[in-house]
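Please walk me through this chain. Start with the helices, then turn to the surface and the loops.

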Amino acid sequence: MTHRLFSTDDSRALTLLRLTLALVMLPHGAQKALGWFGGAGPAGTIDVLGQHFGIPATLAVLAVGVEFLAPLALLLGVGTRLAALALAGQMVVAASFHRANGFFMNWSGTQAGEGFEYHLLYIGAALALVLAGGGAWSLDRALAGRRADVETPAVPRLRRAA
């Protein structure tokens, strides 16, 4: 099972997708976890999620952790499938809060808030990583290769009698 969790091919396209998702989400996580980029930091984020959205503190802490730690895992390509699944779940929740604003982002500034198109795009890309893994240049690939050597030793082939 461990081999299946970490296995991936040497696709550079998956690597590009993994790194792009990590780089898009990491600043959002840093806003919430560290207060960087004008973010509220953990206490402020937990407070806002609780007061404005009714999210219990325990789930808010989990959300902050996922949004900060999962992109780091994607950058390294370790636990790619789990990190991508966690981020897809996070985006499903976020999309549910943005659904009232419609599909489209608020490019014109005339909507009450942002729509859910960004979240849908992120969910689709993250699920691609869940299905295919982290690709080339990932720690998952290195771990799966080592596991394969350990868990599936070579079995000698039997020759048929002539």
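At which residue does α4 bend, and by about how many degrees? The bend in α4 is at valine 66 and comes to about 25 degrees. The model is predicted, and the values below are computed from it.

## Overall fold

The chain has seven helices and zero strands. Its pattern along the sequence is α-α-α-α-α-α-α.

Of the 162 residues in the chain, 34% are buried. Contacts between residues at least 6 apart in sequence were also sorted by separation. Of these, 67% join residues at least 24 apart. The chain exposes about 10200 Å². Carbon and sulfur atoms supply 67% of that area.

## Helix α4

Helix α4 covers residues 57-76, which makes 20 residues. Does the distance between its ends agree or disagree with the span expected at 1.5 Å a residue? The expected span is 28 Å, and the end C-alpha atoms are 29 Å apart, so the two agree. That agreement sits alongside the bend of about 25 degrees at valine 66. Val66 is also one of the buried residues of α4.

The other buried residues of the helix include Ala60, Ala63, Val64 and Glu67. Further along α4, Phe68, Ala70, Pro71, Ala73 and Leu74 are buried too. Which helices help to cover them? The cover includes α2, α3, α5 and α6. After α4 comes glycine 77, with a positive phi near 75 degrees.

## Leucine 26, a contact point with α4

Leucine 26 belongs to helix α2, which runs over residues 12-34. Is leucine 26 buried or exposed? Its relative accessibility is 19%, and the cut-off for buried is under 20%, so leucine 26 counts as buried.

What does leucine 26 touch, leaving aside neighbours within four places in sequence? Its contacts are Phe68, Pro71, Leu72 and Leu75. Two of these partners, Phe68 and Pro71, are themselves listed among the buried residues of α4. Leucine 72 lies 46 residues from leucine 26 along the chain, yet their C-alpha atoms are separated by 7.2 Å.

## A nonpolar surface patch

Which residues make the nonpolar surface patch of about 320 Å²? They are Val48, Phe53, Val93 and Phe97. Helices α3 (41-53) and α5 (80-98) each give two or more residues to the patch.

Phenylalanine 97 is found in α5. Its relative accessible area is 35%, and partly exposed lies between 20% and 50%, so phenylalanine 97 is partly exposed.

## Two loop residues with positive phi

Most residues other than glycine have a negative phi. Phenylalanine 37 is not a glycine, but its phi is positive, at about 55 degrees. Where is phenylalanine 37 placed? It sits in the loop between α2 and α3. Phenylalanine 37 is exposed, because its relative accessible area is 58% and the cut-off for exposed is over 50%.

Tryptophan 137 also has a positive phi of about 55 degrees, and it is not a glycine either. Its loop lies between α6 (117-132) and α7 (139-151). At 64% relative accessibility, tryptophan 137 counts as exposed.

Definitions and conventions
Residues are numbered from 1 along each chain as its sequence is written. This is a predicted model: local features need pLDDT of at least 70, side-chain atom pairs count only at pLDDT 80 or more; totals for chains, interfaces and linings use all residues. Side-chain values use heavy atoms; hydrogens and water are left out. Helices (H or I, at least four residues) and strands (E, at least two) are DSSP runs, numbered from the N terminus. Buried means under 20% relative accessible area, exposed over 50%, partly exposed in between (1.4 Å probe, protein chains only). Contact means heavy atoms within 4.5 Å. Accessible areas come from the Shrake-Rupley method with a 1.4 Å probe; for residues, only the protein chains shown count as cover. Patches are made of residues with over 30% relative accessible area and no salt bridge: like charges are joined within 9 Å, nonpolar side chains (Val, Leu, Ile, Met, Phe, Trp, Tyr) within 5 Å. A salt bridge is a side-chain nitrogen of Lys or Arg within 4 Å of a carboxyl oxygen of Asp or Glu. The expected span of a helix is 1.5 Å times one less than its number of residues. The bend at a residue is the angle between axes fitted to the seven residues ending there and the seven starting there.
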